[in-house]
Amino acid sequence: MGFLRSCMLRRSARTAAGFWRSQAARQPPGREISTTCPRSTVMPAWVIDKYGKNEVLRFTQNMMIPVIHYPNEVIIKVHAASVNPIDVNMRSGYGATALNMKRDPLHIKTKGEEFPLTLGRDVSGVVMECGLDVRYFKPGDEVWAAVPPWKQGTLSEFVVVNGNEVSLKPKSLTHTQAASLPYVALTAWSAINKVGGLNDKNCTGKRVLILGASGGVGTFAIQVMKAWDAHVTAVCSQDASELVRKLGADDVIDYKSGNVEEQLKSLKPFDFILDNVGGSTETWALNFLKKWSGATYVTLVTPFLLNMDRLGIADGMLQTGVTVGSKALKHFWQGVHYRWAFFMASGLYLDDIAKLVDEGKPRNYMIENGLLLFPKFCGFRFGPLLKKPFLFLKFQRPS
């Protein structure tokens, strides 16, 4: 009887062990992120806890490592990031109304729940993990991207990005070099290609005027236009005239040496104008377009976010619609097209840009001419972050 009882107990134990083994086999493998500290769930990052001046910037080593929430997302380990003027403006609260609406369209969260907010739009790094629907990337791929301003930024060790916003990094660039391009390149590409309708097949011989040609967007736009065989006239200060000529500009106008309108009158009309300056320029710039020929004026300086901040969501959107609609209609009856353009995050556009970069068009003159500063780091400790137009940031865990 004792022998029979022991056999039954052993059989029950084997059955239970088999059941739990099968249950364990059915469980999906756990999510893993390879970091320098495998057990860590936090990462270093630069964040702000409120809007304000440089003093609101705070370095923390306890920012939560981001996780994948949607199947089309990827996690990137940041090797380099850069600071753009949009980051300085966002630090001060610019666009907060519209961006918070994008973050929380149903207004479920309370005011201020976007904090702690990580700034930084550009990233170059390595894919650490992919969502289930991501087919074009795999862990270990070197990639670059520009993160939309309503998402957590890139001044951290890891960042989550939509797979459609990511592209393979140009092979000819280091991570540090690659981190200088995505945001300005995509902004220029949006204005030129998406809104302006120009491409490598229809741009040959077109006359292009770029106002504010020596900035990040302007310098990139010059090179793309020349790669597409356009004739480019650049408006900038005399200090930058040598740079824009090296970039390929055919004519250079110094806005400090005299009235720009008077100087432009001696030139033939233009097929396309890209305005990076805004303000009073649009009151006269459209006069230099070819009438009734499909010529287009595109400005990147718009009141959209300011209207939302000042008037609120409903009134701000209404005011913006009335403004752009009335201006577009007014100029349409004068024989030219008036358009607004904005930054657009797109992995497909970055694919085209990467191809141009690897072909040497455009060259990374921002790096070759030493316009970008490389501060020396001890971990994350570096100088006054936002007092320069562009600073490269390399991220690593302090030893």
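In this predicted model, helix α9 (residues 304-311) packs against helix α10 (residues 313-332) at an angle of about 145 degrees, and their axes sit 7 Å apart. The crossing of the pair is right-handed. On the α9 side, the contact is made by F304, N307, M308 and L311, which meet I313, D315, G316, M317, Q319 and T320 in α10. Sorted by class, this contact is a bit of a mix, with five nonpolar, four polar and one charged residues.

Next up is the pairing of α5 with α6. Here the axes of helix α5 (residues 182-195) and helix α6 (residues 216-227) come within 8 Å and cross at roughly 60 degrees. That angle falls short of the 65 to 115 degrees that count as roughly perpendicular, so α5 and α6 are oblique to each other. Again the crossing is right-handed, this time with α5 passing α6. From α5, the residues V184, A185, T187, A188, W189 and I192 meet G216, V217, F220, A221, V224 and M225 of α6. By class, this contact comes out at 10 nonpolar, two polar and no charged residues.

As for the cores, nonpolar side chains in soluble globular proteins tend to be buried together. The largest nonpolar core in this model counts 71 residues, and I222, M225 and I353 are the ones touching the most other members. Helix α5 supplies the largest share of this core, eight residues. Leaving aside residues up to four places away in sequence, I353 touches W144, A185, L186, W189 and F220. Another core, of 18 residues, lies apart from the largest one and includes I253, W284, F288 and Y338.

Definitions and conventions. Residues numbered from 1 in each chain as written. Predicted model: local features only at pLDDT ≥ 70, side-chain atom pairs only at ≥ 80, totals over all residues. Heavy atoms only, no water. Axes fitted to C-alpha atoms, helices over the stretch in contact; angles between N-to-C directions. Helix = DSSP H or I, 4+ residues; strand = E, 2+ residues; numbered from the N terminus. Parallel < 35°, antiparallel > 145°, perpendicular 65-115°, else oblique. Left-handed = near helix turned anticlockwise from the far one by under 90°. Contact = heavy atoms within 4.5 Å. Nonpolar A, V, L, I, M, F, W, Y, C, P; charged D, E, K, R; others polar. Core = buried A, V, L, I, M, F, W, Y, C linked by side-chain atoms within 4.5 Å. Buried < 20%, exposed > 50% of the residue type's maximum accessible area, 1.4 Å probe, protein only.
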